[in-house]
Amino acid sequence: KLRILKRLFAYSSVGHMGYILLGIAASEIEGLHAAIIYLVIYIITGLGIWSFIVSLNRCNSSIKIFTLADFSLINQSNPLLAYSGILLLLSLAGIPPLSGFYTKFCVFIAAANSSLFVYSFFILVISVVSTYYYLRILKTLYFETKVMRVNFYPISKEIALTLSLSSSILVFLFANPNFLWL
């Protein structure tokens, strides 16, 4: 089982680069544009995810968060931080109300229009598998509880700004995708 967060996000980044390469392999302007949009959204989401992880380690200076089991108290200690992290993870997974879904859909359509059906199917299956791992983090955050004393851990202003901006941008760009096609 994949329990170490660094390894989880390392494998995740390899999969996301596969989406970008699939957009480039489409060999059309639509595919290249979809790959660039995917890269921009992935950078925003990655910045938010790593800010989330850094804030966890900074908040709990005595307890370092390295595994999925360490996430179980975050919802109780800082619910807004947990919500921001879940919003970013769901965007990485490509869940529809977020811009991660829109960018994956654009790459998938560009690949299908270029007759890359086998690769499109393969990337779709990989997406389903990666969504399982992201939803496992959601399950750990919200549905697994440990009996421990819970303290509210504040986060720094810079990390709070990064988390809120990246989360807001992901929702805004899904609601207004025309900004992505400039």
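**Entry 1: two tyrosines**

I began with a pair of residues and found that Tyr-19 is buried, as is Tyr-38. A reminder to myself: this is a predicted model.

Next I counted ring pairs, and the tally came to four aromatic pairs. I looked up Tyr-19 and Tyr-38 among them: their ring centres are 5.2 Å apart and their planes meet at 20°, so I logged this pair as stacked. Where do the two partners sit along the chain? Tyr-19 belongs to helix 1 and Tyr-38 to helix 2, with their positions 19 residues apart, so I noted that the pair links distant parts of the chain.

**Entry 2: another ring pair**

I then turned to Tyr-132 and Tyr-133. Their ring centres are also 5.2 Å apart, but the planes stand at 70°, so this pair is edge-to-face. Are these rings buried or partly exposed? I read a relative accessible area of 49% for Tyr-132, which makes that residue partly exposed. For Tyr-133 I read 26%, and this residue is partly exposed too.

**Entry 3: the nonpolar core**

I went on to the largest nonpolar core and counted 43 residues in it. Which of them have the most contacts inside the core? My list reads Phe-9, Ile-49 and Leu-89. I also checked which helices contribute: helix 1 (5–25), helix 2 (29–59), helix 4 (79–93), helix 5 (99–113), helix 6 (117–143) and helix 7 (157–175) each supply at least two residues of this core. Helix 2 gives the most, with eleven residues.

I picked Phe-9 for a closer look. Leaving out residues up to four places away in sequence, I found Phe-9 touching Ile-49, Trp-50, Ile-53, Leu-89, Leu-92, Tyr-134 and Ile-137. Two of the other well-connected core residues, Ile-49 and Leu-89, turn up in that list.

**Entry 4: empty space**

Last, I searched for enclosed space. I found two cavities of 30 Å³ or more, and the largest holds about 50 Å³ of space. What lines the largest cavity? I wrote down His-16, Tyr-38, Ile-41, Tyr-42, Thr-45, Ser-91, Leu-92, Gly-100, Thr-103 and Lys-104. Two familiar names are here: Tyr-38 from the stacked pair, and Leu-92 from the contacts of Phe-9.

Helix 2, helix 4 and helix 5 each give two or more residues to this lining, and helix 2 has the largest share with four residues. Sorting the lining by class, I got four nonpolar, five polar and one charged residues.

How values were computed
Residues are numbered from 1 along each chain as its sequence is written. This is a predicted model: local features need pLDDT of at least 70, side-chain atom pairs count only at pLDDT 80 or more; totals for chains, interfaces and linings use all residues. Side-chain values use heavy atoms; hydrogens and water are left out. A nonpolar core is a set of buried Ala, Val, Leu, Ile, Met, Phe, Trp, Tyr and Cys residues joined through side-chain atoms within 4.5 Å. Buried means under 20% relative accessible area, exposed over 50%, partly exposed in between (1.4 Å probe, protein chains only). Contact means heavy atoms within 4.5 Å. Rings of Phe, Tyr and Trp (its six-membered ring) pair if their centres lie within 6.5 Å; planes under 30 degrees apart count as stacked, over 60 as edge-to-face and the rest as tilted. On a 1 Å grid over the protein atoms alone, a cavity is a set of points where a 1.4 Å probe fits but cannot get out, and a pocket is an open set with protein on both sides within 12 Å along at least five of seven lines; lining residues have an atom within 4 Å of a point. Grid points are joined across faces, edges and corners, and a volume is the space filled by probe spheres set on the points. Ala, Val, Leu, Ile, Met, Phe, Trp, Tyr, Cys and Pro count as nonpolar, Asp, Glu, Lys and Arg as charged, and the others, Gly among them, as polar.
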